[in-house]
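I opened a fresh notebook page for this one and wrote down what I looked up, in the order I looked. Here are the entries, for anyone who wants to follow along.

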Amino acid sequence: MLQLLQIQKSYWQGEIEYPALKGINLDVNQGEMVALCGPSGSGKSTLLNICGLLDHQFEGEIRLAGTKVEKDPKQRMLLRRQQLGFVFQRFNLIPVMTVFENIAYPLTLNGVHPTQIKRRVSELLEAVGLAAFAQHRPDRLSGGQQQRVALARALVHEPLLVIADEPTASLDSKTAQQVVGLMRTIGAQQNTTFIIASHDERMTQHCDRIIHLQDGVLQAERDLCDSVLGENMNKQKVLSR
Ligand SMILES: Nc1ncnc2c1ncn2[C@@H]1O[C@H](COP(=O)(O)OP(=O)(O)OP(=O)(O)O)[C@@H](O)[C@H]1O
C-alpha cells in the first residue's frame, strides 16, 4: 500500500550537510499497523513527514496504493486531504471549533454534503464514545477524550493511511488503552494502514510490526523495541510478513 524506495534526506546549514535519512526502503501492506521506533535524532520525524506527504525535499520515490506520488504541491495536498489522516501527541484540535466541527473538518475540506457529514460524524462520535460531547469545545475535554476526537478526525474520511506521532505518550494507562483499542477496531473496520512513531509499549505491543531507525538507516526488523535511551526493553512478537 505504501512503498518507500531509496528515500534520502539531508538538512543543510550553509554548506554543511546533515544526512537525516540514508536510503530507506519500506513496504507497508494495506491494513497493517507499523510502529516506528528509534532513539532521539534517528530520523523518525523526518520519515513521518515524508510518509505524510508534508515534505517533498528528498531523494527517492514514494508510492501510495501503487501510484507514484509526484512532487507537485497541489497533488500532494489533495492526496493528504483525501487519503491521509494525522494523529499527534498533543492532539492538535482546533480550539475555536466544537468537537463535532473538529471531526467534520476533513469532510468539509473535501466538499462532502452536510447531510453526509452529519451522518458520518455522528457515527464516529458514537464509535469513540463521545456523542454527548459533540457541541463541547476541546478545552472542556480530558486528554484522553481529546485524543479520541483527534482519532475520529483522522479516520472520518476513511483515509488509506494514518500517520501518528507518539499518540499515547501524553495519556495515562487507561486512556492510552482506550485509544489503542479504538485505533485497532476502527482501523480494522476501515482497513486503514497506520505508521506510528512510538516508544510506548502500550502502543507498540498492539502493532503488527515494529521497524527500527538508527542514524537514518532502517535496521533489520527486530523483536525488541529498545532505545539507546535505555527505555523499557520490551519483548515483542513480530508478525512476519
Ligand atoms: N531543520 C533541521 N536542520 C538541521 N538538522 C535537522 C533539522 N531537523 C532535524 N535535523 C537533524 O536530522 C536528524 C533527524 O532528526 P529527526 O527530528 O527526524 O529525529 P527524531 O528521531 O524524530 O528525533 P526525536 O525523537 O528527538 O524527535 C537529527 O540529527 C536532527 O538533528
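**Entry 1: confidence.** I started with residues 223–241, where pLDDT stays under 50. The model still has 34 contacts beyond four places in sequence for residues 223–241. I will leave those alone, because predicted coordinates should not be read in detail where pLDDT is low. This is a predicted model, and I next checked the chain as a whole: the mean pLDDT of the protein chain is 89, with 91% of its residues at 70 or more. Among the elements, helix α3 (residues 99–109) has the highest mean pLDDT, 97, and helix α7 (residues 201–204) the lowest, 90. For the complex, I noted an ipTM of 0.95 and a pTM of 0.87 from the predictor.

**Entry 2: overall dimensions.** I asked what radius of gyration the protein chain has. The value is 18 Å, which agrees with the figure near 18 Å for a compact globule of 241 residues. Along the principal axes, the C-alpha atoms fill a box of roughly 50 × 40 × 35 Å. I also looked up burial, and 37% of the 241 residues are buried. Of the contacts between residues at least 6 apart in sequence, 70% join residues at least 24 apart.

**Entry 3: the sheet.** I counted elements in the protein chain and got seven helices and 10 strands. Six strands form an open sheet with mixed pairing, and I wrote the order down as β6-β7-β8-β3-β9-β10. Its edge strands, β6 (84–87) and β10 (217–218), each pair on one side only. Then I picked one pair inside the sheet: β7 (residues 161–165) runs parallel to β8 (residues 193–197), with five bridges between them. In that pair, V162 stands opposite F194 of β8. Helix α5 packs on the sheet, where α5 touches β6 and β7. The direction of α5 makes about 170° with that of β6.

**Entry 4: the core.** Which residues touch the most other members of the largest nonpolar core? I found V34, L36, I103, L151, A152 and I196, out of 61 residues in that core. Helix α5 (residues 143–155) turned up again here, since I had asked what gives the most to this core: α5 does, with six residues. I followed L151 a step further and, leaving out residues up to four places away in sequence, found that L151 touches V87, V128, V179, L182 and M183. A general reminder for the margin: in soluble globular proteins, nonpolar side chains tend to be buried together.

Definitions and conventions: Residues are numbered from 1 along each chain as its sequence is written. This is a predicted model: local features need pLDDT of at least 70, side-chain atom pairs count only at pLDDT 80 or more; totals for chains, interfaces and linings use all residues. pLDDT is the predictor's confidence in each residue, from 0 to 100. Helices (H or I, at least four residues) and strands (E, at least two) are DSSP runs, numbered from the N terminus. Two residues are in contact if their C-beta atoms, placed from the backbone, lie within 7 Å. A nonpolar core is a set of buried Ala, Val, Leu, Ile, Met, Phe, Trp, Tyr and Cys residues joined through C-beta atoms within 7 Å. A residue is buried if 20 or more other C-beta atoms lie within 10 Å of its own, exposed if 12 or fewer, and partly exposed in between; C-beta atoms are placed from the backbone. Two strands pair if DSSP finds at least two bridges between them. Axes are lines fitted to C-alpha atoms, for helices over the stretch in contact, and angles run from 0 to 180 degrees between N-to-C directions. The radius of gyration is taken over C-alpha atoms; the globule rule is 2.2 Å times the number of residues to the power 0.38.
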